[in-house]
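Let's take a walk through a protein model together. Have the viewer open and follow along, one region at a time.

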Amino acid sequence: MEDSDHHLTQSGALVGSSDDLLTEILLRLPVTSILRFKSVSKHWRLLLSDRHFTRRYDIDNHSKSPGLFGCDTYVPYDAENPSTPPFSSLGSYFDRPRVRIVQSCNGLLLCSTHGPKGSKAAPRYYVFNPTTKQLALIPPIHESLKVRKTISFMGLAYHQTDCVHYKVVCIRSLEPDRDLFKIQIYSSDTREWKISIETFSADSNFFQQGVYWNGAVYWVTNYHKYLYFKLDVEKLQTLPLPMRYRDRLHLIATYFGESRGRLHLIAYRNHHDYRLRLNVYEMFSGHSSWFVKYQVVLNALPGAFPDIISRYGVSYDFKVIDVVRGKEEEDTFVVLKIREKIIKYNVHDKSFKHIYSLPRPSCFRENSFHRYTETLSSF
């Protein structure tokens, strides 16, 4: 017994004295353990906070996505083994009320606060890491309240490998009666705003939602032109539409997002085309064209969830709120909202299950759902 205890002591001392060996062990632990082990010692805290370790941890764990946020509600993707909510109330971390998640981007959240109800103050913007609870206030783009009210879009650009210093992209309208805009960029590296594009024309409703992917911010709307803004050259470019829709003036995008380094689009021509068969398109890395990656067949859903049938019985009432690529292809799934129910549909075996019931379905608008991705990255 003494020999065994001595051997264990020697092994523990060996691990503790070798940062390389300790790192290899810690990289295999869940993120909750990493956060807890930061309090073991000053040495461990420095090791676990080092950018080299956090970057490698995020990459090795493929930025795990255990759930999503809907308003202030956390929805775990795994109903049988639900993950712990990253926070009990989002508002407890901010200095002003009425917190809203604007965008989720590879583990970081772009949030805004709007002050008390009835307040005419311009919103404040923050970048928040819900895993580490780190929070940064984005300085106002301009001190003038009149200028700050011209903001048409605020979006976050961040990735552990190609954009390690997050950027906030702001699109401002210049004249109320003309669709004239300019782009300004805030960098967490310089902590300053700069004007990128002086002026350009676009439809006033174009910049509603943006997605960061592969070094650029992308916009897809219900119009005939898609745009993306490359951050390295600071240039606005046109993105092709899926081949079958290129002759259409209007294309209704029901989902647009990124997962595991892939850009996805679900779209249809009109409401009559929005049936129970969905094509999930994926963009080639060179922006040349889209191809059909998955065909989602939802024919079994009306029998299991009658609420999916619209009031007049001629169409289906549901919303795709996430497409999540798995580490293995058979783990890829689509998340649907049917009234107050959240449904998880596996694209490989075509199985589905009810994973969550929303407490107040009326407050969850189409763009109020944001994926939660674990990341140890600090800023």
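## Starting in the middle: β17 and its neighbours

Find L265 and look straight across: it stands opposite Y281 in β17. That pair belongs to a bigger match-up, since strand β16 (residues 262-268) and β17 pair in the antiparallel sense over two bridges. Keep in mind as you look that this is a predicted model.

Now turn to the other partner of β17. Strand β18 (residues 290-297) pairs with β17 over seven bridges, again in the antiparallel sense. Within this pairing, L278 has V296 in β18 as its bridge partner. β17 and β18 make a hairpin with six residues between them, and H287 in the turn has a positive phi of about 65 degrees. How many of the seven residues of strand β17 are buried? Six are, so the strand (residues 277-283) is largely enclosed by the rest of the structure.

## The big picture

Time to zoom out. The protein has seven helices and 23 strands. Of its 379 residues, 47% count as buried. If you take the contacts between residues at least 6 apart in sequence, 46% of them join residues at least 24 apart.

## A four-strand sheet

Next, look for an open sheet of four strands, in the order β19-β20-β21-β22, with antiparallel pairing. Which strands stand at the edges? They are β19 (319-324) and β22 (352-357), and each has a single partner strand, so one side of each is left without a neighbour in the sheet. From one strand to the next, the twist averages 25 degrees.

Inside the sheet, β20 (residues 333-338) and β21 (residues 341-346) run antiparallel and are joined by six bridges. For a landmark, pick K337, which stands opposite I342 in β21.

## Two nonpolar cores

In soluble globular proteins, nonpolar side chains tend to be buried together. Here the largest nonpolar core has 35 residues, and Y166, V168, F207 and W219 touch the most other members. Strand β8 (residues 163-175) gives this core its largest share, six residues.

W219 is a good one to click on. Leaving out residues up to four places away in sequence, W219 touches F153, I171, F206, F207, Q209, G210, Y226, L227, Y228, F229, L236 and F256. Apart from this core lies another one, of 20 residues, and among them are V296, F305, V320 and L336. You've met V296 already: it is the bridge partner of L278.

## Two helices that cross

Over to the helices. The axes of α2 (residues 19-26) and α5 (residues 51-60) come within 11 Å and cross at roughly 35 degrees, and the crossing is right-handed. Where they meet, T23, E24 and L26 in α2 face F53, R56 and Y57 in α5 as contacts. Sorted by class, that contact has three nonpolar, one polar and two charged residues.

## Where the chain winds up: β23 and L376

Four antiparallel bridges join strand β1 (residues 67-70) to β23. One pair to spot is G70 and F369, which are bridge partners. Which way do the residues of β23 (residues 369-372) point? F369 and R371 point one way, H370 and Y372 point the other way, and all are buried.

L376 lies in the segment after β23. Is L376 buried or exposed? Buried, because its relative accessible area is 3%, and the cut-off for buried is under 20%. Not counting residues up to four places away in sequence, L376 touches V31, I34, L35, F53, T54, Y57, D58, N129 and T132. Two of those names, F53 and Y57, also appear in the helix contact above. L376 and D50 are 326 residues apart in sequence, but 9.8 Å apart in space, C-alpha to C-alpha.

## One last stop: P240

P240 sits in the loop between β14 (235-239) and β15 (252-259). With a relative accessible area of 19%, P240 is buried; the cut-off is under 20%. P240 and W290 are 50 residues apart in sequence, and their C-alpha atoms are 7.8 Å apart in space.

Technical notes. Residues are numbered from 1 along each chain as its sequence is written. This is a predicted model: local features need pLDDT of at least 70, side-chain atom pairs count only at pLDDT 80 or more; totals for chains, interfaces and linings use all residues. Side-chain values use heavy atoms; hydrogens and water are left out. Two strands pair if DSSP finds at least two bridges between them. Axes are lines fitted to C-alpha atoms, for helices over the stretch in contact, and angles run from 0 to 180 degrees between N-to-C directions. A crossing is left-handed if the near helix is turned anticlockwise from the far one by less than a right angle, and right-handed if clockwise. Contact means heavy atoms within 4.5 Å. Ala, Val, Leu, Ile, Met, Phe, Trp, Tyr, Cys and Pro count as nonpolar, Asp, Glu, Lys and Arg as charged, and the others, Gly among them, as polar. A nonpolar core is a set of buried Ala, Val, Leu, Ile, Met, Phe, Trp, Tyr and Cys residues joined through side-chain atoms within 4.5 Å. Buried means under 20% relative accessible area, exposed over 50%, partly exposed in between (1.4 Å probe, protein chains only).
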